[in-house]
Amino acid sequence: MKKLHFSIVINAPKKKVWTKMLEKAGYEAWASEFYPGSTYEGSWDEGAKIKFISPEGDGMTAVIAENKPFEYISIEHLGYIMGGVEDTESPEIKAWAPIYENYAFSENNGVSEVKVDIDVLPEWEEYMQQTWPKALTRLKSICE
């Protein structure tokens, strides 16, 4: 398992960036860089279950491990969803789960920085290295 770090500076207050990053329409816009039509079901509330899914119904199941509004959010990924069925118990999943995806927000004079830290499996590292910068650039364009 490797931890990857990404960040972007956005010329907007962090409350706006947080809201655009997590509200359904904004999320769907920037997350489309990972997979067109990506969305989520569930809540960003701490302790809540959340599913990140493709239009075909595949994706990941998770819980929100921590939520400090406008400051920090931690997603604890617990398994995959394939064909609409969640898998959090198979040996393949138990080999890596849980993994974390964390977003930290800071602001200075109306300019925000979003820092993303993610745990990544080796087979996904190159894809994430290529795609996260595109997704953050898309988020920046939504917010500015």
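A salt bridge is a side-chain nitrogen of Lys or Arg within 4 Å of a carboxyl oxygen of Asp or Glu. By that criterion the structure, which is a predicted model, holds ten salt bridges. This report describes the overall fold, then the charged pairs, and finally the surroundings of one residue in a strand.

## Overall architecture

Four helices and eight strands make up the secondary structure of the chain. Read from the N terminus, the elements follow the order β-α-α-β-β-β-β-β-α-β-β-α. The chain has a radius of gyration of 15 Å, close to the 15 Å that the globule rule gives for 144 residues, so it is as compact as a globular protein of that length. Taken along the principal axes, the box filled by the C-alpha atoms is roughly 50 × 25 × 25 Å.

Of the 144 residues in the chain, 42% are buried. Among contacts with a separation of 6 or more, 52% are between residues 24 or more positions apart. The chain exposes about 7,500 Å², and carbon and sulfur atoms supply 53% of that area.

## Charges and salt bridges

The chain carries 15 positive and 24 negative side chains, with the centres of the two sets 6 Å apart. Side chains of opposite charge can pair when their charged atoms come close. Three of the pairs in this model are listed below.

| Positive residue | Negative residue | Closest N to O distance |
|---|---|---|
| Lys2 | Glu125 | 2.9 Å |
| Lys14 | Glu71 | 2.6 Å |
| Lys20 | Glu23 | 3.8 Å |

Which elements does the salt bridge between Lys2 and Glu125 tie together? Lys2 belongs to strand 1 (residues 2-10) and Glu125 to helix 4 (residues 122-143), so the pair ties together parts that are 123 residues apart in sequence. Lys2 itself counts as partly exposed, because its relative accessibility is 42%.

The salt bridge between Lys14 and Glu71 involves a helix and a loop. Lys14 lies in helix 1 (residues 14-22), whereas Glu71 sits in the loop between strand 4 (59-68) and strand 5 (72-82), so this pair ties together parts that are 57 residues apart in sequence. Is Lys14 buried or exposed? With a relative accessibility of 16%, Lys14 counts as buried, since the cut-off for burial is under 20% relative accessible area. Its partner Glu71, at 39% relative accessibility, counts as partly exposed.

In the salt bridge between Glu23 and Lys20, the closest N and O atoms are 3.8 Å apart. Glu23 is partly exposed, having a relative accessible area of 32%, and Lys20 is also partly exposed, with a value of 27%. Elsewhere, Lys49, Lys51 and Glu86 are joined into one network by salt bridges that share partners.

## The surroundings of Ile53

Ile53 is placed in strand 3 (residues 49-53). At 12% relative accessibility, Ile53 counts as buried. Which residues does Ile53 touch, not counting residues up to four places away in sequence? The contacts of Ile53 beyond that range are Gly37, Ser38, Thr39, Glu41, Asp58, Gly59 and Ile81. Ile81 falls within strand 5 (72-82), and Gly59 within strand 4 (59-68). Between Ile53 and Ile10, which are 43 residues apart along the chain, the C-alpha separation is 27 Å.

How values were computed
Residues are numbered from 1 along each chain as its sequence is written. This is a predicted model: local features need pLDDT of at least 70, side-chain atom pairs count only at pLDDT 80 or more; totals for chains, interfaces and linings use all residues. Side-chain values use heavy atoms; hydrogens and water are left out. Helices (H or I, at least four residues) and strands (E, at least two) are DSSP runs, numbered from the N terminus. The radius of gyration is taken over C-alpha atoms; the globule rule is 2.2 Å times the number of residues to the power 0.38. Buried means under 20% relative accessible area, exposed over 50%, partly exposed in between (1.4 Å probe, protein chains only). Contact means heavy atoms within 4.5 Å. Accessible areas come from the Shrake-Rupley method with a 1.4 Å probe; for residues, only the protein chains shown count as cover. Lys and Arg count as positive and Asp and Glu as negative; His and the chain ends are not counted. The place of a charge is taken as NZ of Lys, CZ of Arg, CG of Asp or CD of Glu.
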